[in-house]
Amino acid sequence: MNDAARKIEPIPARTEKSPLFREAPSNIEAEQALLGAILVNNDAFYRVSDFLKPEHFQEPLHRKIYEVGGDIVRMGKTANPVTIKTFLPADARVGDMTVAQYLARLATEAVTIINAEDYGRAIYDLALRRSLISIGEDMVNIAFDAPLDMPPSTQIEDAERRLFELAETGRYDGGFQSFSDAVSLAIDMAGAAYQRDGGLSGISTGISSLDARMGGLQHSDLIVLAGRPGMGKTSLATNIAFNIAQAYEGEVQADGSMKAKNGGVVGFYSLEMSSEQLATRIISEQTEISSSKIRRGEISEADFEKLVGCSQMMQKIPLYIDQTGGISIAQLSARARRLKRQRGLDVLVIDYIQLMTGSGKSSDNRVQEITQITTGLKALGKELNVPIIALSQLSRQVENREDKRPQLSDLRESGSIEQDADVVLFVYREEYYTKNSEPRRSQDEVVADIKTPEYLAWEEKMMKVKGTADVIIAKQRHGPTGTVQLGFQAEFTRFADLADNSYAQFIHDE
């Protein structure tokens with residue numbers, strides 16, 4: 001008898017001992033023990049208050065007791081069964097006991113506060129497990145229902161986002177934040193700036209004149225770096241990314257995680273160039289060997305040794321490159337969350353916005369698609385709490401003006417880039433345009449080295465702008481605008497502070 005003809009065995013009947021359902025994981029005894037310890041000695045509250053919130057308790061009454069007790073302790077008063085019962089429903093009962101009797105029993109049966117943190121961790125871990133179950137149930141239910149507005153790819157992205165938020169914060173419901181918490185964060189930021197090298201509130205770009213104007217790269221900011229082709233947008237972004245990664249200095253936190261004390265872990269989305277091309281640029285900048293010579297192999301043995309030494313150093317820095325072309329905002333967000341979870345992430349660079357795609361059906365309307373991308377980048381920066389440097393092309397109308405310095409209006413054709421950005425930087429090199437406007441000379445004039453007045457004027461102008469670049473801060477929500485003049489070595493694609501820029505930087509202040 002073959003397998004197909006075999007009789008299908010019936011499913012065995014459920015035995016009486018088999019459970020009909022599974023309860024969500026919880027430990028009421030641990031909750032009671034922790035609350036009892038807090039009621040006996042309020043110091044126990046401070047051992048768990050930094051990570052344990054009322055919503056982590058499974059029993060609603062325990063949530064209320066913990067919340068009220070915490071408020072009383074923070075006010076500098078004593079939290080005990082007598083002071084807490086006033087703020088709880090008088091008619092509530094726990095079995096055959098009143099709330100007052102239940103509080104007294106918790107305090108009477110309390111154990112030493114030495115174990116308070118262990119009980120708090122157990123309650124917290126069980127709350128995370130319940131949250132995981134909730135996410136899993138939602139995934140299953142949505143997959144079964146298959147709603148038209150949530151295809152499988154969108155469901156995966158949503159689940160990954162919720163899991164990331166759960167891993168980062170222990171909850172995914174969001175909500176309002178008290179002003180006192182916001183003030184504490186502001187003071188912490190000021191303290192970190194005081195201790196950090198350079199005294200910056202944000203992450204240093206490695207270019208001091210730019211840091212002086214911006215205070216470094218601020219967390220959750222969307223920084224748009226724009227310019228026409230040939231201005232050096234990618235070069236500046238690459239320089240900044242490498243400077244940050246090279247300066248990375250980690251600090252172990254109380255929970256065992258690493259936090260950047262200086263520099264940071266950098267994620268670089270290179271949609272235009274391959275990772276090999278990007279690495280060649282960085283090697284050229286660091287070794288001062290022309291990238292064109294590296295590609296053609298026109299290097300000496302000494303140069304090759306410099307390249308090897310530089311590559312060995314670069315392999316140790318936390319700079320991660322994703323070279324996927326045409327990536328969508330949803331895919332980029334999912335990969336950024338994964339990078340932060342697995343390796344850490346302090347700065348994100350995207351080169352460049354116009355090469356990305358939206359996640360919806362707005363591909364027929366490019367303006368709406370760019371709007372969706374910039375809105376998504378701003379939301380991602382806030383979610384990951386990292387600065388995002390997004391490169392952008394400018395419209396061709398710049399070339400039609402006599403004064404080719406970029407303006408914010410040049411971004412308007414690209415949707416909401418100007419509106420969503422916290423900082424807008426323009427890279428402008430007068431040298432690029434001056435070089436292309438070189439007056440023509442006849443062959444005889446070139447051979448005889450005859451320079452017309454027109455050519456001499458051009459040559460004088462060229463000398464002034466050669467090797468310089470302007471970074472125009474056209475918009476900054478938390479600081480002044482203006483222009484910072486930098487040095488630019490085109491051969492090595494390197495931006496740097498000018499040797500003496502006291503007269504040049506911070507011009508055109510507003």
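In this predicted model, contacts between residues 24 or more positions apart make up 67% of those with a separation of 6 or more. The chain has 19 helices and 13 strands, and 43% of its 510 residues count as buried. Its accessible surface adds up to about 28400 Å², with carbon and sulfur atoms accounting for 51% of that.

On the inside, the largest nonpolar core brings together 76 residues. The residues with the most contacts within this core are L217, L332, L348, V349, I350, L377 and I389. Helix 10 is the top contributor here, putting in seven residues. Take L217 as a case in point: setting aside neighbours within four places in sequence, L217 touches G202, I203, T205, I223, I240, I244, V347, P387 and I389. So L217 and I389, both listed among the core's best-connected residues, are also in contact with each other. A separate core of 33 residues sits apart from this one, and L34, F45, I123 and L166 are among its members.

Helix 10 (residues 233–246) also packs against helix 11 (residues 275–287), with the axes 10 Å apart and at an angle of about 75°. Because angles of 65 to 115 degrees count as roughly perpendicular, helix 10 is roughly perpendicular to helix 11. On the helix 10 side, the contact is made by T234, S235, T238, N239, F242, N243 and Q246; helix 11 answers with L278, R281, I282, E285 and Q286. Sorted by class, the contact between these helices comes out as seven polar, three nonpolar and two charged residues.

Definitions and conventions. Residues are numbered from 1 along each chain as its sequence is written. This is a predicted model: local features need pLDDT of at least 70, side-chain atom pairs count only at pLDDT 80 or more; totals for chains, interfaces and linings use all residues. Side-chain values use heavy atoms; hydrogens and water are left out. Helices (H or I, at least four residues) and strands (E, at least two) are DSSP runs, numbered from the N terminus. Buried means under 20% relative accessible area, exposed over 50%, partly exposed in between (1.4 Å probe, protein chains only). Contact means heavy atoms within 4.5 Å. Accessible areas come from the Shrake-Rupley method with a 1.4 Å probe; for residues, only the protein chains shown count as cover. Axes are lines fitted to C-alpha atoms, for helices over the stretch in contact, and angles run from 0 to 180 degrees between N-to-C directions. Angles under 35 degrees count as roughly parallel, over 145 as roughly antiparallel, 65 to 115 as roughly perpendicular and the rest as oblique. Ala, Val, Leu, Ile, Met, Phe, Trp, Tyr, Cys and Pro count as nonpolar, Asp, Glu, Lys and Arg as charged, and the others, Gly among them, as polar. A nonpolar core is a set of buried Ala, Val, Leu, Ile, Met, Phe, Trp, Tyr and Cys residues joined through side-chain atoms within 4.5 Å.
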